[in-house]
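Trainee: I would like a close look at a single helix in this model, and at what lies around it. Please take me through one slowly.

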Amino acid sequence: MSRFASVLVLPLLFNNAGCGGEPAPSDPLAGVQLIGDDLSDIPLHGASAEQVDRFKEGDALFDFVFRERDGLGPLYIRTSCAGCHEGAARGPGAVQKMALVDDDGVTPAVDQAGLPYGHTMRPYAVGGATTLSRPEIEGTIKLSQRLGPPVFGRGYMEAVDDAEIERVASEQAARGDAIRGRVNRVVFHSKKNADESFHTFAEGDENLIGRFGFKARVATLDDFTADAYQGDMGITSPLRPEELPNPDGLTDDAKPGEDVAIDTVNAVADYMRLLEIPKRAPADEHGQALFAEVDCAGCHVPSLRTRADYPIAQLADIDALVYTDFLLHDLGPDLADGLADESASSASWRTAPLIGMRHSTSYLHDGRAMTIEQAILLHDGPGSEAAASVAAFRALSREDREALIDFVRSL
């Protein structure tokens, strides 16, 4: 039985979440302490008292700063989830990536043995480690950066029905233009979760639909959480019990055994599942129409239907306003990073979900775009599936371009 099976189904009102005014005495959100003045890091509108408690439990763990005695390391990037997703938003933490590439500078080399400790740089060491991850290469290495993405509305994203994603992929395949999004079929790399509320996947299960990560390499939020604990902080768990290889050959850190319990992983995953989409301004009809006219909506699909059996009742069988198709699109060599994630190529990126845009100050996977307009224009380039949409955007009047940008910013 789902841990949320007893939740009452209450009205889901996107644009009323976090609005002003005192909550009614019977409102389960009464007494919730928001973080600062930001009304974005809040649980689903209409959340039950049980869900609010679970949200706050996971939120505290999301912000928890790990120390050496907690199992941090031996090598790590940040000391907390919030270090890369402060206030559930983007950054400030960034992950540096490296890949061995062919002479063209973007195609992953067949032989990646020169990177024996993986493609992620971990710049800090504790727990007896003295040597940071380093390449041992003969060949060309490409460096890139990825900023921690927002985690708003991730429950909506996990709840989207697989059939919806496959439907959109089929529709794009039938188009007569360059748009050809494809599903990233991924492997479940974690151990089986003892709590089967959300899925029953086991390590090695294949052909899952990836939806999380810049290249859609992860299928579920518990796998996403365990992967981030292990990869970014060196925190092991029952889902990911092994320390990552490191130049010092350490097999453990200052805390013997698994660093966190499965309950911790699931609480953090549930926090993300219960995070509301930040309150959106009423849509400007002209800007919204232009968004569709230049075909931004072809990939940033405004809404997708969720599973009727998703365990969080408020997210089941609804139109989730996620503004993504979850599909991989080739954006050309200008945005390629030399890395392949599951079936994603160097130049392939999952359509970014346009959620919480008002909280972002930079855009694209590496933050190279400082404005929404720059982000749109950088979708152009040789081989990019989005080139025609960018050309249509350029052809708009300055006034219309601003209206489209304002619409995106409102999301």
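Mentor: What follows is a walk along helix α4, then its surroundings, and then some other helices and loops to set beside it.

The model is predicted. The mean pLDDT of the chain is 89, and 90% of its residues reach 70 or more. Residues 4-37 have a pLDDT below 50, and in the model this stretch has 55 contacts beyond near neighbours in sequence.

Start with the length of α4. The helix has 13 residues, which should span 18 Å at 1.5 Å a residue, and the 17 Å between its end C-alpha atoms agrees with that.

Next, ask how much of α4 is hidden. Of its 13 residues, 11 are buried, so the helix is largely enclosed by the rest of the structure. Buried here means under 20% relative accessible area. The buried residues are L221, D222, D223, F224, T225, A226, D227, Y229, Q230, G231 and M233. Their cover includes α1, β1 (75-76), α2 and α5. Just after the helix comes G234, with a positive phi of about 70°.

One of the buried residues of α4, Y229, also matters for the next step. The largest nonpolar core has 54 residues, and Y229 is among the members that touch the most others, along with F62, Y156, M272, L315 and V322. Two or more residues of this core come from each of α1 (49-63), α2 (154-159), α3, α4 (221-233) and α5 (262-273). The top contributor is α5, with 6 residues. F62 shows what such a position looks like: leaving aside neighbours within four places in sequence, F62 is in contact with S80, C81, A82, H85, V151, V268, Y271 and M272. Apart from this core lies another, of 27 residues, including V294, L335, A386 and L404.

Now follow the chain past α4. The loop between α4 and α5 holds L239. L239 counts as buried, because its relative accessibility is 1%. Not counting residues up to four places away in sequence, L239 touches S190, K191, K192, N193, D222, A226, I262 and V265. Two of these, D222 and A226, are on the list of buried residues in α4. K192 is 47 residues away from L239 along the chain, but their C-alpha atoms are separated by 6.7 Å.

Set α3 beside α4. Helix α3 covers residues 162-173, and its 12 residues reach 17 Å from first C-alpha to last, close to the expected 16 Å. Its buried residues are E164, I165, V168, A169 and Q172. These residues are on the same side of α3, because they cover an arc of only 140° around the axis. The general reason for such a pattern is that an α-helix has 3.6 residues a turn, so residues three or four places apart point the same way. The buried residues of α3 pack against β6 (208-209), β7 (304-305) and β9 (328-330). At the start of α3, a side-chain oxygen of D161 comes to within 3.0 Å of the backbone nitrogen of A163.

Helix α6 (residues 285-293) can be read in a similar manner. G287, L290 and F291 are buried in α6. They line one face of the helix, because they fall within an arc of 105° when seen down its axis. The exposed residues E285 and E293 are on the face turned away from that buried side. Among the elements that cover the buried residues of α6 is α9 (398-410). After α6 comes D295, with a positive phi near 75°.

Finally, look at some backbone details in the loops. The peptide bond from G73 to P74 is cis, with omega near 10°, and P74 is in the loop between α1 and β1. D317, in the loop between β7 and β8 (319-320), has a positive phi near 55° without being a glycine. F326, in the loop between β8 and β9, is not a glycine either, and its phi is positive at about 65°. Are these two residues buried or exposed, or in between? D317 counts as partly exposed, because its relative accessibility is 41%. F326 counts as buried, because its relative accessibility is 1%.

Technical notes
Residues are numbered from 1 along each chain as its sequence is written. This is a predicted model: local features need pLDDT of at least 70, side-chain atom pairs count only at pLDDT 80 or more; totals for chains, interfaces and linings use all residues. Side-chain values use heavy atoms; hydrogens and water are left out. Helices (H or I, at least four residues) and strands (E, at least two) are DSSP runs, numbered from the N terminus. The expected span of a helix is 1.5 Å times one less than its number of residues. Buried means under 20% relative accessible area, exposed over 50%, partly exposed in between (1.4 Å probe, protein chains only). The arc is that of the directions from the helix axis to the C-beta atoms. Contact means heavy atoms within 4.5 Å. A polar contact is a pair of N or O atoms within 3.5 Å; within protein, one must be able to donate a hydrogen and the other to accept it, and residues adjacent in sequence count only if both atoms are side-chain atoms. A nonpolar core is a set of buried Ala, Val, Leu, Ile, Met, Phe, Trp, Tyr and Cys residues joined through side-chain atoms within 4.5 Å. pLDDT is the predictor's confidence in each residue, from 0 to 100.
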